Amino acid sequence: MDIQEGLLKLWESTGIMTILKDPDPNITNCAEQFLHVHGAWIMILVCLFLLWLGIKKQFEPLLLVPIAFGGLLINMPCDHTLQEFVYKVGVDPAIGIFPLIIFMGVGAMTDFGPLIANPKTALLGGAAQFGIFGALLLALALGFTMPEAGSIGIIGGADGPTSIFVTSRLAPDLLGPIAVAAYSYMALVPVIQPPIMKFFTTEAERKIQMTQLREVTKREKIVFPLVVLALCLIFLPDACPLVGCLAFGNLAKECGVIERLSDTMQNALINIVTIFLGLAVGSKLAADKFLTVETLKILVLGILAFMLATAAGVLMAKLMNVCIKFSAKLQGKEPTLINPLIGAAGVSAVPMAARVANKVGLEANPQNFLLMHAMGPNVSGVIGSAVAAGVLLAICGG
């Protein structure tokens, strides 16, 4: 072999030449041919953009950065054994333990006290799940199959681990775009929700001040996750994997006798799993899976699901106020109204959605502190999204 042949062989073995593909004579569509030849480079740019969103704009960086980096790796000509192994162990429906472990950590970090103190706010968390089923119907209308529509709809729950859990079982080919949509829209809560909240409420409604919540006892906090798990076992066993992990994590936090385990769930364990989950999901950002018309549809349907969930929560709060006023009038009492803004916190983006409700409330009334009140529907939204996931798995055959 002479020097010229050696240099040519070296050039052909570089990543640049490996990524650039020759045109496929079997592909006649110009757009498809372009994606076939340049798709990997386009996805590398997309992943770099996601990295910029995570690092510069801090849009859900804990998962968006690992997902984007995993996407970079899968589109590069290198060994993908690690990603494939991590995906099989942590996300593949045969095992798929990563979303469950993250739910365990979420349970250990969540205080259900505001929900226990004001149980009727659970209705707001339940109403917000309307976004999931509304988007499901829209996806069916656009030609998606039932399992695919269920996976797209779950984006409306604003819960990344739940979206991954459902999609990995119903439509694993859509995991990449659905995970990116779910976490991107979760990060955009402060941008998406306020205009919707203001559109469906009046200035007077946004100024409503709510009374301070009662003190919740330790016994109540210990019993609560056990009751939630028992109800789930009776009525919706398909949701038990998610709800059970959430309940165990919360019980570990509230019982007060296994602080080391609770601390591990809240910190080391959830952090380790988050790293591998991001890399595993990133492995589904290959050009041939992501650069499709379906991806664009998913992104549009995802934001519609999120908007529907926000609007449904606010409208439920307004409906509850109508009922409260009617009941108070019959009893000759002064009604204790709910600020409709906290209905928007029914999506399970904890605690970001609750903070947004509090911020919009303070803009209308500087004395209006809604954070703890908004945490009630916010944490009920976590349970609601897990229950909705169980419903979808039961309906769609996951």
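**Cysteines, helices and a nonpolar core**

Reader: Is C323 buried, partly exposed or exposed?

Author: C323 is partly exposed, and its relative accessible area is 47%. Please keep in mind that this is a predicted model.

Reader: And C47, buried or exposed?

Author: C47 is buried, because its relative accessible area is 0% and the limit for a buried residue is under 20%.

Reader: How many disulfides are there?

Author: The count is zero disulfides, where a pair of cysteine sulfur atoms would have to lie within 2.5 Å to be included.

Reader: What is a disulfide, in chemical terms?

Author: A disulfide is a covalent bond that joins the sulfur atoms of two cysteines.

Reader: Back to C47. Which residue touches it, along with M43 and L50?

Author: That residue is L285. Leaving out residues up to four places away in sequence, L285 touches M43, C47, L50, I67, G71, I74, N75, G176, V180 and F290.

Reader: Where does L285 belong in the largest nonpolar core?

Author: That core has 109 residues, and L285 is among the six that touch the most other members. The other five are V91, F112, I164, M197 and L277.

Reader: Which helix gives the most to this core?

Author: Helix α21 does, with eleven residues.

Reader: What about S380, which helix is it in?

Author: S380 is placed in α21 as well. S380 is buried, with a relative accessible area of 6%.

Reader: What does S380 touch?

Author: Neighbours within four places in sequence aside, S380 is in contact with L115, T121, A122 and G125. S380 and T121 are separated by 259 residues in sequence, while their C-alpha atoms are 7.6 Å apart in space.

Reader: How far apart in space are Q212 and I164?

Author: The distance from C-alpha to C-alpha is 37 Å, with the two positions 48 residues apart in sequence. I164 is one of the core residues named above, whereas Q212 is in the loop between α14 and α15. Q212 counts as exposed because its relative accessibility is 76% and the cut-off for exposed is over 50%.

Reader: Where is L231, and how far is it from N321?

Author: L231 is in helix α15. The C-alpha atoms of L231 and N321 are 28 Å apart, and the two residues are 90 apart along the chain. L231 is partly exposed, at a relative accessible area of 44%.

Reader: New topic: how does one describe two packed helices?

Author: One gives the angle between their axes and the distance between the axes.

Reader: What are those values for α12 and α13?

Author: Helices α12 and α13 pack at an angle of about 65°, and their axes are 5 Å apart. Therefore α12 is roughly perpendicular to α13. The contact involves Y185, M186 and A187 of α12, together with V189, P190 and I192 of α13.

Reader: How many of those contact residues are nonpolar, polar or charged?

Author: Six are nonpolar, none is polar and none is charged.

Reader: Which residues of α10 are buried, and what covers them?

Author: In α10, the buried residues are A149, G150, S151, I152 and G153. Their cover includes α9, α11, α12, α19 and α21.

Reader: Is N250 buried or exposed?

Author: N250 is buried, with a relative accessible area of 1%. This residue is found in α16. Not counting residues up to four places away in sequence, N250 touches G107, A108, T110, F112, K221 and P225.

Reader: Turning to the backbone, which peptide bond is cis?

Author: The bond from V350 to P351 is cis, with omega near -10°. P351 lies in the loop between α19 and α20.

Reader: What is the phi of Q58, and of E60?

Author: Q58 has a positive phi of about 55° although it is not a glycine. E60, also a residue other than glycine, has a positive phi near 40°.

Reader: Where are Q58 and E60?

Author: Q58 lies in the loop between α3 and α4, and E60 lies in the loop between α3 and α4 too. Q58 is exposed, with a relative accessible area of 58%. E60 counts as partly exposed because its relative accessibility is 21%, and buried would require under 20%.

Notes
Residues are numbered from 1 along each chain as its sequence is written. This is a predicted model: local features need pLDDT of at least 70, side-chain atom pairs count only at pLDDT 80 or more; totals for chains, interfaces and linings use all residues. Side-chain values use heavy atoms; hydrogens and water are left out. Buried means under 20% relative accessible area, exposed over 50%, partly exposed in between (1.4 Å probe, protein chains only). Helices (H or I, at least four residues) and strands (E, at least two) are DSSP runs, numbered from the N terminus. Contact means heavy atoms within 4.5 Å. Axes are lines fitted to C-alpha atoms, for helices over the stretch in contact, and angles run from 0 to 180 degrees between N-to-C directions. Angles under 35 degrees count as roughly parallel, over 145 as roughly antiparallel, 65 to 115 as roughly perpendicular and the rest as oblique. Ala, Val, Leu, Ile, Met, Phe, Trp, Tyr, Cys and Pro count as nonpolar, Asp, Glu, Lys and Arg as charged, and the others, Gly among them, as polar. A nonpolar core is a set of buried Ala, Val, Leu, Ile, Met, Phe, Trp, Tyr and Cys residues joined through side-chain atoms within 4.5 Å.
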